[in-house]
Amino acid sequence: MIRLLYLVTILICALPLLPGVLGIVLPAFSWLPALGLNTPNFSAFNTAFQWSGLSQSIFLTSFTGIGSTVLALTLCFFILRANWNSPRWQRIEHLIAPMLALPHVAFAIGFAFTFAPTGWLFRLLESIGIDTASAFTLIQDPYGIGLLLALAIKETPFLLLMSVSVLHQIRVNQLQAVAAGLGYSHNENWLKVVLPQWLPKMRMPIYAVLAYGLSVVDIALILGPTRPPTLAVLVWQWFNEPDLLLITRAAVGALLLLAVSFCVLALARAIEWFVFDIKREWQISGAQASTPLTTRSNKKKRHTGISGRLHWPFFLVPIVVIPVLLLWSFAQRWRFPDVLPSRYSARFWLQESNTLIELATSSAMLACISACLALILAIGCLEYRQKYQRGLPTWLIALPMVIPQLSILFGMQISTYFIPGQYYWFWVIWSHVLFAFPYLYLSLDGPWRSYDIRLDQSARSLGMNAWATWWKVKRPLMMPAICLAIAVGMSVSLAQYLPTQVLGAGRISTLTTEAVALASGQDRRVSAVYGLLQGLLPLIFFTLALIASRYSGNFSRRTQSIQRQTRSTNTDDLICGKPHYK
């Protein structure tokens, strides 16, 4: 059974990458027999490279993707350095989960409603007498600064969450104690001791954030520049051209986006290798001369600097956008520059209620099916690795997170054309499982590695078979991690815009696809309704997961307590005269 799940995982999550890449390489060379293109040539490359704004689109993509990743990574490191092992860090940890539960599209809509020229921030500035007529706007600005800041704000909590397990893994507390004994100050300790060990272990999450920033479409459609757009949005527009013969130009664009992403990832790896392996003098230069009094003073004041409060903008902005969405969803009349609406009404909720119920049902059903299938495959691969001491390589698991979605979805769509029939739900579920599987696998990887295999050996020695051992011994211990992993998988599935649009051929609508379509519309109230509900579903998923994980943990403890009491009052023990200790 475990071997079968392992093979099915390879078929579902690894093999689609090959036709996904071939599906853009062959049409890029104008070889697409279905459209009568039987002679490979470079005409599609000439058409794509002659596009007037292509170089500027590549620059905007590189600037926003690299800039947002560097900003998020830098702020993540500063926040960790200033707040780790402090009372403030516990408050930060409690805020990370709600920030991650907020989908990117819902956050982008709220961000637009807050920082637009007629948004709530400009209304607040006008109310206190500040003229905003000539102020710079962050929404669809020609430089992509608003998109860069939005991506950095949204990805910083993700990097903080990934850093928690990494810092525990490298035993940062012991490193700090040893470094302090050698005379390193707090800042030197984090820069010269912790950073060289933390950053390499954060490589995969950083690459995932970098690849997402380079290839994002849904947020770029809402917040990004439009003349010209980023490369990912430009390629998406090429794919939607009514002339089918222009699909070869779109394939070239997807191939170019893939090349840009790989070049940026290779550059990031080269910089890491150069800074940490070649130019290592800054690491081994030793501690700067400092007196014990200075060291104690730095230790006391390490949380009083600016870096100790850097986390507030990145948690305050997502917290602010939710009330802004709520106000707009009930605003019947809200004239500029009024800070609050003058009239409220639930008309737009009632008007969209039937459509919202239908979309929420289909979105939740799609998310549940995809997350459950991905969970089964992830558990099968982890059990296969535990039993046979080999499994899927980490780079293969992370490929769907690193490769731009637009670059492989087009190839997957071309592959589906060779199968007769209109199985759009099947293809959409397949794509959601493909992109949700890495997140579930990585979420469960830590708990599975920390599981004590001797518990299974003891259960098997007492006569349990493999299935009973897993269900009665391992499953109760892993249940909290499984519940949270399901919530992560459902949130990832709910946030998928491109897979639903491309493989669903526009015939499957979810809250995410409708929210993106309405975000550029004229009625902000309807957009706020869809954005608010799209952000509410993941919060419900995480809340239910936390409740289920706590209930499962309490139930497991109660069961073990009852079993211990039953064994202590066993009839055989009473007959044998064994003492009963209280």
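Reader: Is Phe 115 buried or exposed here?
Author: In this predicted model, local features need pLDDT of at least 70, side-chain atom pairs count only at pLDDT 80 or more, and totals for chains, interfaces and linings use all residues. Residues are numbered from 1 along each chain as its sequence is written, and side-chain values use heavy atoms, leaving out hydrogens and water. Buried means under 20% relative accessible area, exposed over 50% and partly exposed in between, with a 1.4 Å probe and protein chains only. Phe 115 has a relative accessible area of 17%, so the residue is buried.

Reader: How many aromatic pairs does the model have?
Author: Rings of Phe, Tyr and Trp (its six-membered ring) pair up if their centres lie within 6.5 Å; planes under 30 degrees apart are stacked, over 60 edge-to-face, and the rest tilted. Going by that, the count is 25.

Reader: What kind of pair do Phe 42 and Phe 45 make?
Author: Their ring centres sit 6.0 Å apart. The planes meet at 50 degrees, so this pair is tilted.

Reader: Which of those two is buried?
Author: Phe 42 has a relative accessible area of 54%, so that one is exposed. At 15%, the buried one is Phe 45.

Reader: Back to Phe 115: what is the angle between its ring plane and that of Phe 111?
Author: The two ring centres are 4.6 Å apart. The pair counts as tilted because the planes are at 40 degrees.

Reader: How far apart are Phe 111 and Phe 115 along their helix?
Author: Helices are DSSP runs (H or I, at least four residues), numbered from the N terminus. Phe 111, buried at 2% relative accessibility, shares helix 6 (residues 104-115) with Phe 115. They are four residues apart, so the separation is about one helical turn.

Reader: How far apart are the end C-alpha atoms of helix 19?
Author: Helix 19 runs over residues 353-388, which makes 36 residues. The expected span is 1.5 Å times one less than that number of residues, so helix 19 should cover 52 Å. The model agrees, with the end C-alpha atoms separated by 52 Å.

Reader: Which side chain does the side chain of Arg 507 touch in a polar contact?
Author: Arg 507 sits in the loop between helix 25 (498-503) and helix 26 (511-519), and is exposed at 55% relative accessibility. A polar contact is a pair of N or O atoms within 3.5 Å; within protein, one must be able to donate a hydrogen and the other to accept it, and residues adjacent in sequence count only if both atoms are side-chain atoms. The partner is 83 residues apart along the chain, with C-alpha atoms separated by 7.6 Å. At 3.3 Å, the contact is with Tyr 424.

Definitions and conventions
Helices (H or I, at least four residues) and strands (E, at least two) are DSSP runs, numbered from the N terminus.
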